[in-house]
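User: Could you take a close look at the salt bridges in this one for me? I'd like a connected walk through them rather than a bare list.

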Amino acid sequence: MTENLREIVLDILLSVFRDGVYSNLAVHAALEKYQYFSKRERAFITKVSEGTVERQIEIDYIIDQFSTVPVEKMKPVIQNILRSAVYQIRYLGSVPDSAAVSEAVQLAQNRGFYNLKGFVNGVLRNIARNADNIRYPDPEEDLVRYLTITRSMPEWLTKRFVDEYGPFVTERMLDSFLEERPTTVRIKTERVTKNEILTSLRNQGVTVHHAPYLPYAYNLTGYNYLMALHAFKNGWIYPQDVSSMLVTEAADPKPGDNVIDLCAAPGGKSLHIADRMAGYGMVEARDVSIEKVALIEENVRRANLINVHPVVKDALVFDPDSEASADIVIADLPCSGLGVIGRKADIKYHVTPDKIDELVKLQRQILENGVRYVKPGGVFIFSTCTLTREENVENVAWIKEHTDLVPESLDPYIPAELKRITTSEGYLQLLPGIHESDGFFISRFRRKMS
């Protein structure tokens, strides 16, 4: 590896930890800038940047055991030089410890911290020598603290998960968040066969495996750049987690239906529903800004769909023209995103209890508007990609108490292996590490015929 790659990683980490930029955006911007890098070089940048962010709590805990200066007191440049080097020492077996240390020392010098070269060298060499003897909290004495450090999850969130789901499920979830994840796609066979799509992917070096639960869901690994794949450019595949695909299964759209998708960007659920309606009916794919709607429009063009209408509309503002007009309303609510920490590690550092409370208020306003768009006999689906009771089952209770919609069993619409007592009552909570998907919540309601 070249020193230049570690310079890029350092800049990404500074953007994330110092400037508050989300790591996926910082990594994407870097890879866009350096498109000429090889697949191996791009993989190194992504792996070290995202891995350092993901493991930051554990990494800082390790550094603090061997440094005379606590991590929080260090200059941001030194902080992140040490963090990325410790990540390489602990989790990147392909990089010799000596290379991780020497390149970190060189980085400190390059960034003007010549007088701290000895400090960086001493801390990292000490960690490398003692990498197998790190002292972690005792799980018997304090399980929450142990999981917080070893799984790099903020302590308040770890405690919340243990209280809500118990130690066994929590440990499974936290482990799942740290696992490498393939890209899941929905294959679209309206214009070409499944075999042609899979052959196209494999011809470009992509490893393809069937994903769980749904026959049209596949996991992809081994590719360099999704947008360079012929199957993507031709609109034959759409990146979407299985949990999100299940929303369309739960909605069960029919050709000719009028569907409103309230918070649609980037458009995955709208496109899926439109595909199921075979060109008939209409999906009005709404979102709050021109930028978000432009993402939907781009995906609609690639998919070559004629029955999706992207439009700028704020779900928080009631639309009287839509009242009692829709056969199906989809509300994929803005949420805390705790179910997708495995794909967006920064979420765990940004969410707070107060932010969750604020989100619930926002969700209730969207729900209050959205249910009014459902015609008599119509269906209302709300979903989130999170794990909290307030944003999920308590919203189900709120709809039952404050509207004339009634829960309807999900069992006729979902795979048999996902059926639970709760699905017969109209909702499903998917848990990472327990189910083979992101953390996700889906609930189905129907308005009675008047």
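Analyst:
**Salt bridges, pair by pair**

A search of the whole structure, which is a predicted model, turns up 32 salt bridges. Let's go through some of them.

Start with Glu7 and Arg111, whose closest N and O atoms sit 2.8 Å apart. Glu7 belongs to helix H1 (residues 3-17), while Arg111 is in the loop between helix H6 (97-110) and H7, so this pair ties together parts that are 104 residues apart in sequence. The two ends aren't equally covered: Glu7 counts as buried because its relative accessibility is 16%, below the 20% cut-off. Arg111 comes out as partly exposed, at 26%.

Next up is Glu171 with Arg151, where the closest N and O atoms are 2.9 Å apart. Here Glu171 lies in helix H9 (residues 155-178) and Arg151 in the loop between H8 and H9, so the pair ties together parts that are 20 residues apart in sequence. This time the Arg is the buried partner: Arg151 has a relative accessible area of 12%, whereas Glu171 is partly exposed at 30%.

The pair of Glu408 and Arg444 meets through its side chains at 2.7 Å, N to O. It links distant parts of the chain, 36 residues apart: Glu408 is in the loop between strand S10 (405-407) and helix H18 (421-424), and Arg444 is in strand S12 (residues 440-447). Arg444 is buried, with just 1% relative accessibility. Glu408, at 21%, counts as partly exposed because buried means under 20%.

Not everything comes as a simple pair, either. Arg181, Asp241, Arg343 and Asp438 are linked in a network of salt bridges.

What about charges that gather without a salt bridge? On the surface, Asp138, Glu140, Glu141 and Asp142 form a patch of negative charge. Residues in such a patch have over 30% relative accessible area and no salt bridge. Asp142 fits the area cut-off because its relative accessible area is 37%, which makes it partly exposed. You'll find Asp142 in the loop between helix H7 (117-129) and helix H8 (143-150).

One last stop for charged side chains under cover is helix H3 (residues 39-54). Its buried residues include Arg42 and Glu54, along with Phe44, Ile45 and Val48 among others. The helix has 16 residues, so at 1.5 Å a residue it should span 22 Å, and its end C-alpha atoms are indeed 22 Å apart.

Methods. Residues are numbered from 1 along each chain as its sequence is written. This is a predicted model: local features need pLDDT of at least 70, side-chain atom pairs count only at pLDDT 80 or more; totals for chains, interfaces and linings use all residues. Side-chain values use heavy atoms; hydrogens and water are left out. Patches are made of residues with over 30% relative accessible area and no salt bridge: like charges are joined within 9 Å, nonpolar side chains (Val, Leu, Ile, Met, Phe, Trp, Tyr) within 5 Å. Accessible areas come from the Shrake-Rupley method with a 1.4 Å probe; for residues, only the protein chains shown count as cover. A salt bridge is a side-chain nitrogen of Lys or Arg within 4 Å of a carboxyl oxygen of Asp or Glu. Lys and Arg count as positive and Asp and Glu as negative; His and the chain ends are not counted. The place of a charge is taken as NZ of Lys, CZ of Arg, CG of Asp or CD of Glu. Helices (H or I, at least four residues) and strands (E, at least two) are DSSP runs, numbered from the N terminus. Buried means under 20% relative accessible area, exposed over 50%, partly exposed in between (1.4 Å probe, protein chains only). The expected span of a helix is 1.5 Å times one less than its number of residues.
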